Amino acid sequence: MDRVFRYLKPYYGQMTRGLIIKIAGTFADLGLPWVLAYILDDIIPYGKVSYILFWGGIMVLLAIAARMLNIIANRMASKVAKNSVQAIRHDTFERITNLSGAQVDQFTVPSLISRMTTDTYNVHQVIGMMQRLGVRAPIILVGGIVLTSTLDPVLTLILVATLPLLGLLVYLISKKGIPMYTKVQASVDKMVQTIRENISGIRVIKALSKTEYEIQRFRKVNDEVIGNEIKAASIMALSSPIMNLILNTGLAIVVIIGAFRVNAGAMQPGKIVAFLSYFTMILNAMMSITRLFINYSKASASAKRLKEVLDTKEDLIVTPVKISTEQEQEYLAFDQVSFSYENDEEKLSLKNISFQLKKGESLGIIGATGSGKTTLIQLLMRFYDVTEGQIIIEGKDIRSIPLKELRKEFGVAFQNDVIFADTISENISFGRSLSMEQIIEASKDACAYDFIMEKENGFSYEAAIKGGNLSGGQKQRLYISRALANHPKFLILDDSSSALDYKTDAMLRQAIRNNYQETTIILIAQRISSIMQSDHILVLDEGEMLGYGTHEELMEHCEIYREIYESQMGSME
Amino acid sequence: MAKVKNTLEKPKNTGKVLRGLWRYLSTYWWMLLGAILLAMASNLFALVGPMLSGEAIDLIELGVGKVPIKEVLWYAVLMIGFYIVSSILSYLLSILMIRLSQRIVRKMRNDVFDKLMELPVGFFDQHLAGDIISRISYDIDVINTSLSTDLVQIFASIITVVGSLIMMVIISPSLVLVMLITIPMSVLYTKYMAKKTRPLFRKRSEKLGEMNGFVEEMVSGLRTIKAYAGEEVVLEKFDHINGEAVEAYYQADYYGSIVGPTVNFINNISLTCVTIVGSVLYLYNKLTLGDISSFVLYSRKFSGPINEAANIISELQSALAAAERVFRVLNEPSEVADVYQAKELANVQGKVSIKDVSFGYTKEKTIIKNLNLNAEEGSLIAIVGPTGAGKTTIINLLMRFYDVDEGAIYVDNNEIRELTRESLRKAYAMVLQDTWIFGGTIYDNIAYGKKDATMEEVVAAAKAARIHSYIKNLPLGYNTVLNEEGMNISKGQKQLLTIARAMLLDAKMLILDEATSNVDTRTEIQIQKAMRNLMAGKTCFVIAHRLSTIQSADNILVVNEGNVVEQGTHSDLMKKRGFYYRLYASQFE
């Protein structure tokens with residue numbers, strides 16, 4: 001929780017004021033039994049009803065003050081919770097958007113999402129609760145001690161004696177309980193994952209008649225959740241009866257000691273009534289602490305998960321990297337690039353990749369699934385850093401270019417890109433404040449203009465989440481529009497015409513050739529016809545360059561390339 | 001109390017939901033009964049406390065030198081004794097209730113999961129995974145909380161309220177009159193506030209949902225955002241949505257924060273009145289000091305549950321709403337059960353015929369009209385057509401994910417509705433467009449369809465699917481654990497794994513749903529060689545994109561907008577110069 005508490009720092013002033021108000025409010029609450037004792041012991045002997053009414057009026061005033069002050073304090077607490085959680089969420093989100101590819105892989109996307117949603121929510125709840133309920137019980141306890149010491153210091157000692165006992169109880173239970181709830185949460189995650197898997201694979205499961213097997217699998221994870229929850233809840237269930245017992249025993253002791261003291265003439269009996277009243281008040285306040293417990297243990301597990309994100313160090317740091325004079329002349333070059341996702345020299349996903357492109361040239365990449373085509377792109381755009389070798393853009397090593405400046409030069413359509421729930425034009429412009437003309441032009445080049453105009457509201461048509469209301473081909477044309485829209489220096493199309501028919505694909509390539517002559521293009525495709533006309537073609541296999549050259553050169557020298565060509569072109573005859 | 005209008009959370013058919021819940025509770029009636037008895041006992045014991053302390057105080061009141069210490073001591077020891085017993089009982093009660101509610105939760109979750117397995121696949125096309133998951137986890141959790149705490153609390157409250165009231169009446173009927181003013185006040189007030197703040201809490205959930213949706217969308221699209229250096233724009237949008245979410249939370253809290261102190265205020269007023277009236281009565285010797293003490297303690301006990309009532313009722317209401325959502329899943333119609341004495345499909349030959357079949361997912365819209373098709377053993381049927389034309393519908397009917405509306409489908413001359421679903425489905429091997437990989441080892445994923453598959457068989461299948469060499473090169477080989485997202489494996493490799501999975505089955509019929517669309521051409525060449533072996537001797541239904549498959553098909557179904565528009569061999573259809581011809585020709589432009 002420490003990391004999260006750091007966010008409370010700017011509000012320490014406000015929290016202190018809130019605390020003071022809360023203390024004042026609680027004292028007003030506590031004043032009532034005190035007045036009660038005073039009436040019983042000191043006023044009644046006067047035998048005047050008017051005196052009783054006067055002190056009764058004071059009780060009313062105290063009650064009003066208690067209400068007002070507590071409300072103000074609660075609201076201040078909510079405000080602090082609001083502001084600090086807003087900052088926590090902002091920072092976490094910002095951190096997430098700045099994670100490198102490797103870091104995202106490590107956290108996994110679903111886990112990042114749940115950290116941003118569930119975990120920040122848990123923390124929000126607890127920050128508020130702690131300030132409202134968490135402090136009330138201790139204040140009542142301490143306040144009770146202060147006030148009762150004015151009534152009878154000896155009886156107060158009993159109240160003081162309960163303190164370490166209660167503290168010990170809270171400590172022991174939270175020490176045992178918090179890790180248990182962490183375990184519960186982990187098993188719940190596992191259960192949810194099992195359900196998710198079953199939902200997405202329902203057809204396969206049914207086709208293979210594996211429902212019985214899946215039911216057994218679910219039983220197991222369910223039992224695990226139940227087992228953990230029973231354990232955790234049983235520990236938590238101890239707190240309330242034990243607290244009750246401690247305080248009620250205190251109550252009985254007050255009666256005993258009280259009896260001796262009254263008998264000895266050291267105090268008046270009305271004060272015992274006040275003490276009993278205090279004990280019940282403390283008891284009630286303690287009960288809400290139990291509730292806070294469970295929430296706190298949840299939240300501290302959450303805070304830990306948030307801390308992991310918040311404290312992740314930036315790993316794509318911009319540093320000057322030395323380059324040779326030859327490299328300074330390069331426009332876009334891979335120089336002996338090797339890469340491993342695990343940073344393991346044994347498991348290279350790319351091995352010794354080298355090629356050079358001049359301004360306006362195009363490169364086609366073809367290769368089997370898992371041959372490293374997409375990895376190459378991710379290195380070029382610096383989602384990951386190379387393990388060895390250098391990537392040069394406009395005469396600079398990409399590690400020496402600030403990330404955003406680097407990426408600004410690119411237009412890219414990924415293999416499984418995303419459409420966001422927003423208008424078509426916003427999906428194309430994507431926060432780059434492009435003019436409508438640029439958007440329309442790009443959509444025309446990407447062969448998307450016609451279908452967009454057929455939608456109601458045209459460019460203002462609202463796409464659903466993940467482009468649910470668009471077909472695969474339409475989505476791909478939007479990705480390409482997005483990539484083209486700012487006339488990038490470098491255009492990357494990663495298998496982004498697979499859902500287009502041959503005719504549209506051809507038109508698209510034509511438009512790019514004509515209208516983007518300054519742009520250096522990298523095309524990844526499975527259809528050989530899409531890349532055939534590129535200035536250079538790279539044949540990748542298991543991370544290695546099996547061939548590099550023009551179509552004609554490769555047809556002559558590269559067996560695999562020829563094989564692919566024949567199989568694809570052959571089937572069309 | 002239940003009259004509070006609640007538009008969002010109140011279930012529509014309370015009676016039905018309650019009956020449903022009762023079915024679960026009554027399974028464990030003995031535990032429930034035990035819990036009620038424990039609750040009664042524990043609270044009765046707790047009620048004795050204030051009475052004893054009152055007695056003791058009356059003795060103490062006798063004053064200096066006259067206090068009978070022995071008797072007071074006796075009362076105090078009794079008090080401690082009663083409290084110990086009460087604490088033990090209440091702990092036992094908690095344990096019992098935890099176990100009871102967890103049993104119910106376990107049963108409910110299992111029931112929902114079983115139900116999910118029985119539902120027709122269409123259910124999953126219509127419901128979001130997140131929604132189903134939230135029912136099985138969040139909703140059932142809400143029910144659990146309510147069962148384990150509220151139920152006991154209601155019993156305990158009734159006992160405490162009635163018990164305290166009786167005690168108070170015994171002590172002083174006139175003081176009880178004072179209480180009669182303040183109690184309704186606090187009840188009315190909490191009701192009023194609950195009503196007033198409910199829309200705020202609803203808005204708070206809404207805004208939180210919006211934010212969660214946004215986060216999910218953005219984090220999933222992180223790579224694109226970075227590629228376009230859109231981090232700042234997205235962060236700005238997030239800040240806006242986040243601001244709204246915390247503001248809605250704050251607003252709900254802002255008004256919600258009045259409730260606690262106000263209820264407390266009313267209690268304090270009530271204490272004040274009791275003090276004033278009590279003191280006056282004490283003054284005129286109508287009441288002893290011990291009486292006032294006991295009365296004050298009882299009145300605190302009494303008002304506790306009354307104040308809680310509003311909370312409990314709203315909690316119960318959301319539990320009922322949650323239960324309703326759960327029961328709605330449980331009450332979904334399952335796949336029709338196998339007919340009585342359904343036959344096992346054995347010694348499959350693979351002859352499939354479709355006779356005069358009509359089908360629609362809804363009664364209003366017939367998607368397939370009068371479809372006829374004969375697939376001889378070992379023949380290849382290709383289904384072609386534009387995306388979204390209803391190709392998968394035919395597959396759904398063949399596998400009996402849905403039953404036909406009219407006509408019939410036969411396998412080896414058996415009407416498929418007279419066969420057990422399991423034996424029918426086992427006769428098919430299937431590779432779907434959406435690759436499905438579950439969290440488990442590669443071995444588990446390949447062997448999934450075949451019980452007790454040996455390592456040799458799995459390796460053979462992987463070799464046939466051309467993924468063996470990839471697997472072998474992984475440090476853990478076949479024991480590599482794949483996570484659900486399949487982060488550690490590419491889409492094409494996933495596809496190859498599912499092909500290997502299909503290869504392992506001894507099915508006589510094969511369904512390929514654009515199975516190679518995620519595999520690049522070079523890999524596909526390799527797969528197709530293997531696939532041809534797999535297809536040999538099997539009746540194959542292929543939803544086809546690639547020309548080679550289509551050309552060699554024995555029969556091609558051309559589907560458009562849900563209808564089978566043409567049928568025949570490649571050359572038949574080319575001669576016809578119809579829809580198929582145009583579709584085919586477009587690929588060469």
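Start by selecting Arg382 of chain A: this residue follows helix H11(A) and has a positive phi, near 55°. Keep in mind as you go that this is a predicted model.

**Stop 1: helix H11 of chain A**

Now step back from Arg382(A) and select residues 373-380 of chain A, which make up helix H11. How many of the 8 residues of this helix are buried? The count is 7, so the helix is largely enclosed by the rest of the structure. To see them, show side chains for Lys373(A), Thr375(A), Leu376(A), Ile377(A), Gln378(A), Leu379(A) and Leu380(A), the buried residues of H11(A).

**Stop 2: a sheet in chain A**

Stay in chain A and colour the strands of an open sheet of 6, ordered E6-E7-E8-E3-E9-E10, with mixed pairing. At the edges you will find E6 (410-413) and E10 (544-549), each of which pairs on one side only. From one strand to the next, the twist averages 15°.

Next, zoom in on E3 (residues 362-367) and E8 (residues 520-524) of chain A, which run parallel and are joined by 4 bridges. Pick Leu363(A), and look in E8(A) for its bridge partner, Ile522(A).

Then add helix H16 of chain A, residues 472-484. This helix lies across E6 and E7 (490-494) of chain A, and runs at about 175° to E6(A).

**Stop 3: two single residues in chain A**

Select Glu394(A), which sits in the loop between strand E4 (388-393) and strand E5 (396-397) of chain A. Its phi is near 45°, a positive value in a residue other than glycine. Is Glu394(A) buried, exposed or partly exposed? With 15 other C-beta atoms within 10 Å, Glu394(A) is partly exposed.

For the second residue, go to helix H8 of chain A (residues 211-263) and pick Ala233(A). Here 23 other C-beta atoms lie within 10 Å, so Ala233(A) counts as buried. Try the distance tool between Ala233(A) and Tyr51(A): the C-alpha atoms are 51 Å apart in space, and the two residues are 182 apart in sequence.

**Stop 4: across to chain B**

Show both chains together. In the model, 128 residues of chain B are in contact with 129 residues of chain A. Which element of chain B gives the most to the side that touches chain A? It is helix H8 (residues 231-283) of chain B, with 29 residues. If you colour this side of chain B by residue class, you get 70 nonpolar, 37 polar and 21 charged residues.

Now hide chain A and look at chain B alone, with its 19 helices and 12 strands. Of its 589 residues, 46% count as buried. Among the contacts in chain B with a separation of 6 or more, 79% come from residues 24 or more positions apart.

**Stop 5: a helix pair in chain B**

Keep H8(B) selected and add helix H6 (residues 173-220) of chain B. The two helices pack at an angle of about 170°, and their axes are 9 Å apart. That angle makes H6(B) roughly antiparallel to H8(B). By class, their contact has 29 nonpolar, 11 polar and 6 charged residues.

**Stop 6: an antiparallel sheet in chain B**

On the way to the next sheet, pause at Asn347(B), in the loop between helix H9 (289-330) and strand E1 of chain B. This residue is not a glycine, yet has a positive phi of about 45°. Asn347(B) is exposed, with 6 other C-beta atoms within 10 Å.

Now display the open sheet of 4 strands in chain B, ordered E2-E1-E4-E5, with antiparallel pairing. Its edge strands are E2 (368-375) and E5 (414-415) of chain B. Between E4 (residues 406-411) of chain B and E5(B) there are 2 bridges; select Val411(B) and you will find Asn414(B) opposite. Helix H10 (residues 391-398) of chain B lies across E1 (352-359), E2 and E4, running at about 115° to E1(B).

**Last stop: strand E6 of chain B**

Finish with residues 428-431 of chain B, strand E6, which is covered on both faces. Tyr428(B) and Met430(B) are on one side, Ala429(B) and Val431(B) on the other, and all are buried. E6(B) pairs with strand E9 (residues 509-513) of chain B in the parallel sense, over 4 bridges. Opposite Val431(B), in E9(B), stands Leu512(B).

Terms used:
Residues numbered from 1 in each chain as written. Chains lettered and ligands numbered in written order. Predicted model: local features only at pLDDT ≥ 70, side-chain atom pairs only at ≥ 80, totals over all residues. Contact = placed C-beta atoms within 7 Å. Nonpolar A, V, L, I, M, F, W, Y, C, P; charged D, E, K, R; others polar. Buried ≥ 20, exposed ≤ 12 C-beta atoms within 10 Å, placed from the backbone. Pairing = 2+ DSSP bridges. Axes fitted to C-alpha atoms, helices over the stretch in contact; angles between N-to-C directions. Parallel < 35°, antiparallel > 145°, perpendicular 65-115°, else oblique.
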